[in-house]
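Student: Please show me the model, and then let us work through it in questions and answers.

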Amino acid sequence: MASRNNPSSPRRFGWLGRIFRIGLFAAILGAIALIVTIAVAYSSLPSFSELKSSPNGQMIRVHAVDGTVLVSIGPSYGQWLGIDQIPDTMKTAMVAVEDRRFRSHPGVDPIGIARSIQVRATTGSWRQGGSTITQQLARNVFLTNNKTWTRKIREIVLALAIERKFSKDQVLELYLNKVYFGGGAYGVDAASRKFFGHPANGLSLGEAAIIAGLVKAPSNYSPSADAKAAVGRAQVVLGVMRDHGDITARQAADAAPETVALAPEPKQNSVRYFTDWALPQLDTMIDESSEPIEVWTTLDLNMQRQADTSIRTNTPAGAQGALVALDRDGAVRAMVGGKDYVSSIYNRATQAVRQPGSAFKLFVYLAALEAGHTPQDMMVDEPVDIQGWKPRNSSRKFSGAINLRTAFAYSINTIAAKIGAEVGTSTVADMARRFGITTPINTHPSMVLGTSDVRLIDMTRAFAAVSGNGVAVSPYGILKVTTGSGKLLYEHQSDSSHVLVSPQVAAQMIDLLQTAVNTGTARAAQIGRPVAGKTGTTSSNKDGWFLGFSSGMTTGVWMGKDNADPIPGLQGGRAPAQAFAQFMKVAVAKRPVEQFKTEVTLPEWQLEPDEQAYFGNADEGQFVDENGAPIDRAPDSSDREKDQQPDAQPTTELNQRWIDGVLQRDPNAQGVDGNPGYPSRPNQ
């Protein structure tokens, strides 16, 4: 009767049976597919020892020249601790707060997933995490943190495979040594050292609770960033442990995470100015890599400390100072970009562009010497009018006929102006370019007094090239780069083949620079051994410079305000020269005293006609215009007429008088002691 009253029942049960069979078949296929996927993942997993030796992130350790670690950048890793070396309180705290069913689930916790889904349906957001410790390990080591369904499925598969391949203790050991705890610290030992200043095998319950609480949100609960939040999170961890019976209420109370002493944050000293400048150069030296690397630099820590002290001690109140020290091959031995890196990371040694004042006269006199002048040549210190520009000396006086050595030593502005008009400001600009000035250079007549902005490191490089007898010097800070296992990735090779000026021109320039320190504006830079250098002071005392060298070490110092406000009393021959001397006394203390080779003899081969261009217009006719842009030809007679410089002389003449001057055969030449025309006050 029932089938007669409801003839569709057998048909309905037939469809249900068919759907059930299809579903069962699909489930079986899915299970098979999952098993196969897990098996594939299982076979592709590294071994336990391989996972131990492969940190999940790149670490860069930067060494000083003596091997001392200057700074570690990127992830930091402490000692790998075996499961038996990690305190039980640390293991218990982590399991309690992150995955309390860790010991019983197969890598994925169905209860945790169900609870997470329930919270998502109730609140509309994923507030309750369902990831187990094994899933977190899979994500941290093999995947990313992208919140996508595909990534989550891969994470589950990997977690199931990991549980098949490794024991629970191995999984927990990997997790505790690899999980990220914030502040660049991976693993409990790195976290313990960073936050508490000691290895993780000595963690107290309170410390373990703080570390265990970090995993949920390392940036939010970092004790160094927000101690209150870290303590609050640690109290949550202790409460969970107490509720689960892992610790007693008394132990939870005695843990007192609020009383835990944190390790002081390391001070970021001036070394960071150097590393900030040097490390970006790695991109051009080595291929991109994720493995840890060791960077061996040129920085000398003793010199760096002295450089920092010299700048802090001598820089006027309210002003900033910078220092760069180059060894004879261009190795940067010290670099200070300001008085305090913490308050200002702006590197005034490599980034700031400021007027160099009379320090720029280095290029003016190099151009003059290359054009045929000698230190003994006489010129008249008198009023000058060049296209309406009337330079004056800081003494407001004129000394009459003086030789170039005296003019340079006392930084006579009128003589520099005359030289610029004679050789051509384009030639002076090209000389600056040739010696490594990378900023735009104008060719106005006043440029000879240093009105174009320059960088301290470029000016120091130029003086180092003069110290090296005219051979180009390229500053560098990285000696070599290796992998953590010692494989060489890069090694610096110095190039001494680029000659900028003849050794004779360089020797004469050293003669002038040495005179400036011995008798002129730079007397404060004396250190008890031969020193050559030049001061620089800009208008209204906005900038003070001193650049010089001794015993193969070249050092440049700049002082001023970042906003270019005047600083009463700031002169290159005072605070900058004093900072130079204070630094150099330490920097060259262990080096042998070196006498300057200013006695020059002109080799016979250099008198040949085909070598004449060597002393003429610079760098095969490459010049810069008033905007600092290169031009393809040297100024000709029409250019000089246009510039209203009718007294400009050809720069390629190599006459007998010049040769006699170089060989010191000119009976009319007078040294600085024989010249009566001293200015009453140094010009800087």
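**Reading the predicted model**

Student: How much area does the protein chain expose, and what percentage do carbon and sulfur atoms supply?
Tutor: Accessible areas here come from the Shrake-Rupley method with a 1.4 Å probe, and for residues only the protein chains shown count as cover. The protein chain exposes about 31200 Å², and the share supplied by carbon and sulfur atoms is 51%.

Student: What is the basis of these values, and what is the mean pLDDT of the protein chain?
Tutor: This is a predicted model in which local features need pLDDT of at least 70 and side-chain atom pairs count only at pLDDT 80 or more, while totals for chains, interfaces and linings use all residues. Residues are numbered from 1 along each chain as its sequence is written, and side-chain values use heavy atoms, with hydrogens and water left out. The pLDDT is the predictor's confidence in each residue, from 0 to 100. In the protein chain 76% of residues reach 70 or more, and the mean is 80.

Student: Over residues 600–667, what bound does the pLDDT stay below?
Tutor: This stretch has 117 contacts in the model beyond near neighbours in sequence, a contact being heavy atoms within 4.5 Å. Where pLDDT is low, the predicted coordinates should not be read in detail. Over residues 600–667 the pLDDT is below 50.

Student: What percentage of the 684 residues in the protein chain is buried?
Tutor: Buried means under 20% relative accessible area, exposed over 50%, and partly exposed in between, with a 1.4 Å probe and protein chains only. Buried residues make up 53%.

Student: What is the strand order of the open sheet of five strands?
Tutor: Strands (E, at least two residues) and helices (H or I, at least four) are DSSP runs, numbered from the N terminus. Two strands pair if DSSP finds at least two bridges between them. Pairing in this sheet is mixed, and the order is β2-β1-β5-β10-β11.

Student: Which strands are at the edges?
Tutor: An edge strand of this sheet pairs on one side only. The two are β2 (69–73) and β11 (488–491).

Student: In β10, which residue is the bridge partner of Ile293?
Tutor: Strand β5 (residues 293–297) and strand β10 (residues 478–483) run antiparallel and are joined by five bridges. The partner of Ile293 is Thr483.

Student: Which residues form the covered face of strand β8?
Tutor: In a regular strand the side chains alternate between the two faces of the sheet. In β8 (residues 378–381), Met378 and Val380 are on the uncovered face, and the covered face holds Met379 and Asp381.

Student: In β9, which residue is the bridge partner of Asp381?
Tutor: β8 pairs with β9 (residues 400–403) in the antiparallel sense over four bridges. The partner of Asp381 is Gly400.
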